[in-house]
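Subject: Structure handover: aromatic contacts

Hi,

Here is the structure I promised to pass on. Please open it alongside this note, which covers ring contacts.

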Amino acid sequence: MYAIPLGEDGAELRPLEPWQAEEFLAHMDRGREFIGRYIALADAAADLESARTFLQGYADKAATDTGRIHGIWTDGKLVGGVLFRTMDVNQHTAEAGCWLEPSAVGKGLVTRATRVIIDWAVEERGIHRVEWWAAAANEASIAVARRLGMTRDGVLREGRLHRGKRYDMEIWSVLAPEWRAARRPS
């Protein structure tokens, strides 16, 4: 298995696969309430069977080139991840997303990991538009979109129902020419 270093702090980005369901579930258990504040992932991996099913769904997406999931490890422990929730290589679009357990917050891990997967999507898969959807109340996720150089496209008012509450959803995006220009050394 490959691991991509995310910086000098030893953090790594690695594929997250069904055989890692126990580790994934333990990670979800450590951060379930924090992770689940704005995203359904914490509810989708409630026990070992559902964790394995969730990861198998992304293995199937990888096999059909319609999505990807990667974990972020620090000190050998899974602490979060990034993904392409959707990928449409025919339309050259993808939606990126992320999650972290509380112990990993504030270290720039999501920003660094998302840069890696966007670079791959743009340069290797020919993705032209990468979207980032975040609940308007999720300030940390919106801050990541800003750090990635994304543009706020708009708001879907009360666009997502999560745990019985409706959330406004902000849509952010970056286009391949913008991404390349921002990544070019000055």
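R14 lies over the face of W73, at 4.5 Å from the ring centre. A second charge does something similar: the charged end of R37 is placed over the ring of F34, 4.3 Å from its centre. Bear in mind that this is a predicted model.

Now the ring-to-ring contacts. How many aromatic pairs does a search of the whole structure find? The count is 5.

Take Y38 and Y167. This pair is edge-to-face, with 5.7 Å centre to centre and 80° between the planes. Y38 sits in the loop between α1 (21-35) and α2 (41-44), while Y167 belongs to strand β8 (residues 165-175). The pair therefore ties together parts that are 129 residues apart in sequence. Are these two tyrosines, Y38 and Y167, buried or exposed? Both are buried.

F54 and Y58 make another pair. Their ring centres are 5.3 Å apart. Their planes meet at 50°, so this pair counts as tilted. Where do they sit? F54 and Y58 are both in helix α3 (residues 48-63), 4 residues apart. That spacing means about one helical turn separates them.

Burial is worth a look here too. F54 has a relative accessible area of 18%, and Y58 has 7%. F54 is buried because its value falls under the 20% cut-off. Y58 is buried as well.

Finally, F54 and Y58 have company. Ring pairs join them with F24 and W99 in a cluster.

Best wishes

How values were computed:
Residues are numbered from 1 along each chain as its sequence is written. This is a predicted model: local features need pLDDT of at least 70, side-chain atom pairs count only at pLDDT 80 or more; totals for chains, interfaces and linings use all residues. Side-chain values use heavy atoms; hydrogens and water are left out. Rings of Phe, Tyr and Trp (its six-membered ring) pair if their centres lie within 6.5 Å; planes under 30 degrees apart count as stacked, over 60 as edge-to-face and the rest as tilted. Helices (H or I, at least four residues) and strands (E, at least two) are DSSP runs, numbered from the N terminus. Buried means under 20% relative accessible area, exposed over 50%, partly exposed in between (1.4 Å probe, protein chains only). A charge sits over a ring if NZ of Lys or CZ of Arg is within 6 Å of the ring centre and within 35 degrees of the ring normal.
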